Amino acid sequence: MKVLLTTTLGEITLELNSEKAPKTVENFLAYVESGHFDGTIFHRVIKDFMVQGGGMDKDMNSKSTRDSIQNEANNGLANEYGSIAMARTSDPHSASAQFFINTNDNAFLDFSSETQDGWGYCVFGKVVDGIEVVTSIEEKPTTTRNGHQDVPEETVEIEKAAIL
């Protein structure tokens, strides 16, 4: 299953792994189908780490989400360069709509044990086309906006997310 993210900087094609992360992919696709991601921004960008989006509009307002999902990070997939994973709070099972694309090999985010500190972040796919767009997002200068750090000075919007 593939999803196309059309951003203000170009297109990113994601290939989702429903075999290894079935609940996570089902959740992500439901957000795509509902139009949730359309008009959201990449609101947290840290060079040589990741770009995060899927939860805030251009004015840095959080969009409402459905219930959180079970963390499937114990699926054997790694937080490596170009992979997409679910963002969450310190609660391992708090992921809803926000996601991030790894711009480095981030093994420290991988599952190690079913403990508070060991759960890690669930990888559920990878960028198969448009990694240069991800790199261009990562290169943007960042600032603090509405109490949030690492926000790109120039808004990078997901104009549309669509299942291919």
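Asp48 is partly exposed in this predicted model, with a relative accessible area of 46%, and it lies in the loop between β3 and β4. Although Asp48 is not a glycine, its phi is positive, at about 60°. A second residue other than glycine with a positive phi is Asp150, whose value is near 65°; Asp150, however, is found in strand β9, and at 25% relative accessibility it counts as partly exposed. As background to both cases, most residues other than glycine have a negative phi.

The loop that holds Asp48 also holds Lys47, a partner in one of the salt bridges. The structure holds four salt bridges, among them the three set out below.

| Salt bridge | Closest N to O distance |
|---|---|
| Glu139 and Lys47 | 3.0 Å |
| Glu157 and Lys58 | 3.2 Å |
| Lys140 and Glu154 | 3.4 Å |

In general terms, side chains of opposite charge can pair when their charged atoms come close.

Glu139 forms a salt bridge with Lys47. Because Glu139 lies in the loop between α2 (131–138) and β8 (142–145), while Lys47 belongs to the loop between β3 (40–46) and β4 (50–53), the pair ties together parts that are 92 residues apart in sequence. Glu139 counts as partly exposed at 45% relative accessibility, and Lys47 likewise counts as partly exposed, at 45%.

Glu157 pairs with Lys58, the closest N and O atoms being 3.2 Å apart. Here a strand is joined to a loop: Glu157 lies in β10 (residues 157–163) and Lys58 in the loop between β4 and β5 (83–86), so that this salt bridge connects parts 99 residues apart in sequence. Is each partner of this pair buried or partly exposed? Glu157 is buried, because its relative accessible area of 13% falls under the 20% cut-off, whereas Lys58, at 45% relative accessibility, counts as partly exposed.

The side chains of Lys140 and Glu154 also meet in a salt bridge. Lys140 lies in the loop between α2 and β8, and Glu154 in the loop between β9 (148–152) and β10, so the parts tied together by this pair are 14 residues apart in sequence. Glu154 is partly exposed, with a relative accessible area of 41%.

Taken by location, the loop between α2 and β8 contributes Glu139 to one salt bridge and Lys140 to another.

Terms used: Residues are numbered from 1 along each chain as its sequence is written. This is a predicted model: local features need pLDDT of at least 70, side-chain atom pairs count only at pLDDT 80 or more; totals for chains, interfaces and linings use all residues. Side-chain values use heavy atoms; hydrogens and water are left out. Helices (H or I, at least four residues) and strands (E, at least two) are DSSP runs, numbered from the N terminus. Buried means under 20% relative accessible area, exposed over 50%, partly exposed in between (1.4 Å probe, protein chains only).
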